[in-house]
Amino acid sequence: MTEKELRRKAMALPLQPGVYIMKNKDKKIIYIGKAKKLKNRVSSYFGSHTNHSLKVIKMVEKVDDFDYILCDSEFEALVLECSLIKQHQPKYNILLKDDKGYNYIKITKGDFPKISECKSIKDDDADYIGPYTSTFSVKQAVEETLKIFKLPRCNKQFPRDYNKSRQCLNGFMNLCSAPCAGKISQEDYVKCTQDALSFLKGGSVKAVKDMEAQMEKCAQALQYEEAAKLRDRIRAIKNLEEKQKVVSINVPEEDVFALVNTNKKACFEVLRFEQGRLTDSEFWIIDAVDDLPQSRFELIERYYSMRNRIPSRIAVDGEIEDEQLLKVFLESKRGKKIEIIHPQKGEHLSIVRMCISNANEHLAQQQGRIGKELAVLEELKEILGLEKLPEYIESYDISHTFGCDNVAGMVVFHNGRPMKSAYKRFSIKGFDGQNDVGSMKEVLTRRFNHYYDDDDDSTFKTLPDLILLDGGEPQVNAVLPVIKSMKLDIPVFGMVKDSKHRTRAIAYDGGEIAINSSRSVFTLVSSIQEEVHRFAIAYHHNKHKKGTLSTSLTKIDGIGDAKAKALLRHFKTISAIKEASVKELEAVSGISIKNAQEIYNFYHKM
């Protein structure tokens, strides 16, 4: 159906609750949504796209038809929508992949058993404790246990590596008993492992009680060294418990949610508390969202469709669309009342902030950023007066030899780093002769035609947050009308060099902005300018070299482009062709005896 036909069909829908199901030309479901009034919601997709995000516009372009299911209430529509999304996993819905499996604590056998966490039970004659549903809890428990009982966390195998090397840093810091350096006997090592397992199985309260009784016995028997070891373990456990109080809350159970959004990606983070202690942590990296309140609703709903435990209290970092509807939905699943809070002060606010901080960290790791890179992009944003962080920067340069072999290079810097998979080369086609401004205009026109015409998997489909041109105000003024005619809103600046070809300033429509006062921004812009210049020059030299080589060979009678390429493929260089004998030349596919003789004579003229 055309968009006009789809709108006509949508306008005929009733004004009552329901679920709508968008399908593409192959009748595949690509989006499922709920609505309080089907007619209003579905018809809003087909018509003016002024208020639509790029993601919604792309989805609507794929829609060929839609179905709908009427419901008695918005709550019934939500339950049905949740069930259908889980069943069909549509491409344009916000989806959370449930890759959470069971976790185990593994204890190897032998003279020097080792404790570790793992995802599955293997047929390897080891002992396993579990299963546990929380990866976070298992990792934390194993790490704490190894630290308290000073057991090795390295990959060394004992007894093979026993007393074979110097102790590592953990050994020097008294964080490991250092069997690699023979600092602990096999008997004592086994005893430590057994105590560690008792701690894991019985918990800290029982372990401390048993160790305190054992310490008293050792002291009475004048075994002061053993008593001191037990004292240190008890102290380590108590210190650990004090640290855990920092991330505890004064409620039996609570889940904390945060949604951190950037230009390209978002992170949905969950912290789960039971008996006042942090017991689990999960996060998902998803595409950037357009509507935070709506996305919080959808993400929390999706999350609890994958998890059985719904706590009595949920803390959220911001507004939720239709919060009361979500609350009723979750209460129906839990069978009990729940409370949704938006903390403004106190311990709950500090936990929400911790959740946001974790989401930011995961997002930074996923995007490959470090603090310095993020800081320089923030500084560049401020200097240029940009509305959003320039995470995706495209830069262009023109290269030629006195107007011949005109080419352009496009480089991409993503989060302050070169993204070479997105680099592009352009051969100027519109004219001959030297015209850098005209060349830049042609290149940007072709680049954004690719944006509108290419398939979704093309790197041209990603719009830049900032365009930097190698050149000054003339280049900027040539490109701005192109951006405007394409109905795009992308800031464009030029990179101006001094007399020594070093970056001096950034040009814009109406003047220049000095950047030498900020070392980090100056370094980033200089790096971009050098990289785009290098890339464009390399392409120009390659094209010019090929043109020169082909011209040289095609001057020979009987040698056209195809035979010239065959010779270069075989001999690699012109020098090798010059030095070849007639017989060697004749051995090249497509080269006749006559051709071989002509080539030989051409390069061996007296």
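**Reading the cores and surface of a predicted model**

Guide: Welcome! In this predicted model, the largest nonpolar core has 28 residues, and Phe268, Ile300 and Leu330 touch the most other members.

Visitor: Which helices and strands supply at least two residues of this core each?

Guide: Those are α4 (74–88), β7 (253–261), β8 (265–274), β9 (277–287), α9 (292–306), β10 (313–316) and α10 (323–334). The largest share, six residues, comes from α9.

Visitor: Which residues does Ile300 touch, leaving aside those up to four places away in sequence?

Guide: With those left out, Ile300 touches Phe257, Phe268, Val316, Ile320, Leu326 and Leu330. There is also a second, separate core of 26 residues, with Ile105, Ile148, Cys180 and Leu200 among them.

Visitor: Now the outside, please. Why does Leu169 count as exposed?

Guide: To be called exposed, a residue needs over 50% relative accessible area. Leu169 has 60% relative accessibility, so Leu169 counts as exposed. You can find Leu169 in helix α6 (residues 169–172). Together with Phe172 and Met173, Leu169 forms a nonpolar patch on the surface, with about 360 Å² of accessible area in total.

Visitor: Which residues of helix α16 are buried?

Guide: In α16 (residues 561–571), the buried ones are Ala564, Ala566, Leu567, Leu568 and Phe571. Look just past the helix too: Lys572 takes a positive phi of about 75°.

Visitor: And the whole chain: how many helices and strands does it have?

Guide: The chain has 19 helices and 19 strands. Of its 606 residues, 46% count as buried. Its accessible surface comes to about 32,300 Å², and carbon and sulfur atoms hold 50% of that.

Terms used. Residues numbered from 1 in each chain as written. Predicted model: local features only at pLDDT ≥ 70, side-chain atom pairs only at ≥ 80, totals over all residues. Heavy atoms only, no water. Buried < 20%, exposed > 50% of the residue type's maximum accessible area, 1.4 Å probe, protein only. Helix = DSSP H or I, 4+ residues; strand = E, 2+ residues; numbered from the N terminus. Areas by Shrake-Rupley, 256 points an atom, 1.4 Å probe, with all protein chains shown as cover. Patch = residues over 30% accessible without salt bridge, like charges linked within 9 Å, V, L, I, M, F, W, Y side chains within 5 Å. Salt bridge = Lys/Arg side-chain N within 4 Å of Asp/Glu carboxyl O. Core = buried A, V, L, I, M, F, W, Y, C linked by side-chain atoms within 4.5 Å. Contact = heavy atoms within 4.5 Å.
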